[in-house]
Structure formats: structure tokens, C-alpha cells
Amino acid sequence: MAGTPELVAQAVAAARHIGFPVTADDPGHGCGSASLPGTGRFLAVLAGGCHGGRIAELGTGTGIGSAWIVSAMPADATLVTAEIDPARAAAAAEVLAIDPRVAVLIGDWRALLPPLAPFDLIFADCGVRDRREFGSLVGMLTPGGRIVMDDVTPELALPADSPLRDYDPKRALFEAEDLLLWTEVVLPDLRNSLLVGTRIS
Ligand SMILES: C[S@@+](CC[C@H](N)C(=O)[O-])C[C@H]1O[C@@H](n2cnc3c(N)ncnc32)[C@H](O)[C@@H]1O
């Protein structure tokens with residue numbers, strides 16, 4: 001896969017159309033915004049290996065992460081993605097309607113996704129911070145399945161006095177989860193990183 005898939009460009013256009021922030025300069029950026037290209041490419045790399053796999057996303061936005069995933073996943077893989085905001089879900093559903101392997105669900109992932117588990121890959125992109133909730137998400141993975149969170153700032157990119165140097169709630173979630181082997185992946189922009197874990201048993 002070279003460059004940005006056409007479906008991703010369509011999801012970005014849909015975000016701009018409904019005012020869902022895409023770049024750091026867009027109003028409202030930071031409190032629920034679109035996935036970065038580096039995140040999307042990383043998701044594509046993992047999705048590309050999900051033969052016969054079941055993939056889930058928490059927080060669809062307008063479908064940018066989903067578009068990266070479906071552009072790379074094998075023909076026999078499926079994706080289900082849940083979005084609580086009806087306007088965003090509708091925009092994503094329109095973009096992703098072209099691919100019958102994708103289901104865009106409207107509502108809270110907590111109600112919609114557990115009955116559909118287990119999954120081989122979960123992109124948790126809607127602000128999960130609670131340890132018990134994160135544990136239940138890990139429980140929704142198959143053994144060997146992977147979970148990804150984004151919007152983490154690498155330690156070297158943090159201001160010297162940032163409290164996140166001592167305690168980052170997302171890193172703490174991964175650290176506390178015995179079922180996960182995990183690491184942090186710094187994106188090529190060196191300003192953002194991802195946490196990725198594999199369920200080991
Ligand atoms: C960071 S954005 C998602 C970006 C998207 N994954 C992408 O690739 O561009 C987080 C989204 O999660 C949604 N959200 C927040 N809480 C949710 C919940 N409990 N269930 C489903 N979606 C939720 C928000 O409405 C928001 O659109």
C-alpha cells in the first residue's frame with residue numbers, strides 16, 4: 001500500500017464536511033478528533049495480517065481509522081466499529097457502505113461490542129481510561145489478539161514539567177494488565193505514539 005488509500009481521503013473529506021477535527025489547527029482538536037496518518041498506517045499493518053480475522057473499533061469518528069483498516073485487511077476479514085455520535089456515525093456509514101465487510105454501529109460500544117466478541121484486533125479510540133473497562137476490553141480479544149490505543153505523547157516530546165512524565169493514564173492501563181505483552185511505538189512525526197498490546201493467554 002503506497003500513500004493514502006482513496007477511502008481514507010473520502011473519510012477525511014467527510015470529517016471536514018461535518019466539522020470533525022482532522023488536524024491540530026482545526027477547532028475542537030484534542031477532544032475527540034480524527035486519527036493521524038501514522039496511526040492509520042500502523043493499523044493497516046496489523047489489519048493486513050488478520051486472515052479470517054474479526055476487527056473492532058471503539059469510536060468510529062467519520063471512518064478514517066476504519067478506512068485504513070479495510071483498505072489493508074484480507075478479503076476474509078471483517079470490521080465492526082461503534083460510534084456514539086449519530087452525525088459522525090452516519091458520515092462514516094456513507095463512506096464505508098462500499099465495503100460489505102464493514103458494519104458501522106450507532107451507539108455506545110459498551111453495549112454493542114461485547115456480544116460480538118472475540119476479536120483479533122481492537123482499536124480502542126474513544127477515551128477508555130477505567131482499569132476495569134480496559135480489562136473487559138482485553139477480555140474481548142482472542143489469545144494472540146492485539147489492542148491499540150493512540151494519542152499518547154512520547155516522553156521526549158513532553159515538556160520537562162509535564163505530569164505525564166510521572167504518570168500517564170493510558171500507559172498505566174497497559175502496565176496493569178497481566179494478560180498483555182505491550183510496548184509503545186513512536187510515530188514517524190516523533191510527537192505522537194501508540195500503545196500496542198498482544199493478549200498472551
Ligand atoms: C478520537 S475520536 C475517533 C476517531 C476515529 N477512530 C478515527 O480514526 O478518525 C473518538 C470518537 O469516539 C466517540 N465515542 C466516545 N465515547 C464513545 C462510546 N462510549 N461508544 C462509542 N463511541 C464513542 C466520539 O463520539 C468520537 O467520535
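The legends below describe close-up views of a predicted model. Local features are reported at pLDDT of at least 70 and side-chain atom pairs only at pLDDT 80 or more, whereas totals for chains, interfaces and linings use all residues. Residues are numbered from 1 along each chain as its sequence is written, and side-chain values use heavy atoms, with hydrogens and water left out.

**View 1. Residues around the ligand.** The ligand is surrounded by 22 residues, of which S35, G59, G65, E83 and D125 come nearest; a residue is near when one of its heavy atoms lies within 4 Å of the molecule. By class, the shell holds eight nonpolar, seven polar and seven charged residues. Here Ala, Val, Leu, Ile, Met, Phe, Trp, Tyr, Cys and Pro count as nonpolar, Asp, Glu, Lys and Arg as charged, and the others, Gly among them, as polar. At least two residues of the shell come from each of α3 (64–72), β2 (78–83) and α5 (109–112). Helices (H or I, at least four residues) and strands (E, at least two) are DSSP runs, numbered from the N terminus.

**View 2. Polar contacts of the ligand.** A polar contact is a pair of N or O atoms within 3.5 Å; within protein, one must be able to donate a hydrogen and the other to accept it, and residues adjacent in sequence count only if both atoms are side-chain atoms. A polar backbone atom of G59 is 2.7 Å from a nitrogen atom of the ligand. Oxygen atoms of the ligand are contacted by side chains: a polar atom of E83 lies at 2.6 Å, and an N or O atom of R88 at 2.9 Å. The ligand taken alone exposes 600 Å², and the protein buries 89% of that; accessible areas come from the Shrake-Rupley method with a 1.4 Å probe, and for residues only the protein chains shown count as cover.

**View 3. Salt bridges at R171.** Side chains of opposite charge can pair when their charged atoms come close. A salt bridge is a side-chain nitrogen of Lys or Arg within 4 Å of a carboxyl oxygen of Asp or Glu. R171 forms one with D168, the closest N and O atoms being 3.4 Å apart. R171 also meets E184 in a salt bridge, at 2.6 Å from N to O. That pair links distant parts of the chain, 13 residues apart, with E184 in strand β6 (residues 180–186) and R171 in helix α7 (residues 169–176). D168 is buried at 10% relative accessible area and R171 is buried at 12%, while E184 is partly exposed at 25%. Buried means under 20% relative accessible area, exposed over 50%, and partly exposed in between (1.4 Å probe, protein chains only).

**View 4. Other salt bridges.** The whole structure contains five salt bridges. The D99 and R101 side chains form one, with N to O at 2.7 Å, and both residues are buried. A network of salt bridges links D108, R110 and E133.

**View 5. Backbone geometry.** Most residues other than glycine have a negative phi, and most peptide bonds are trans. A117 and P118 are joined by a cis peptide bond with omega of about 10°, and P118 is found in the loop between α5 and β4 (119–124). D151, in strand β5 (residues 141–152), has a positive phi near 60° and is partly exposed at 48% relative accessible area. L190, in the loop between β6 and β7 (193–199), has a positive phi near 65° and is exposed at 58% relative accessibility.
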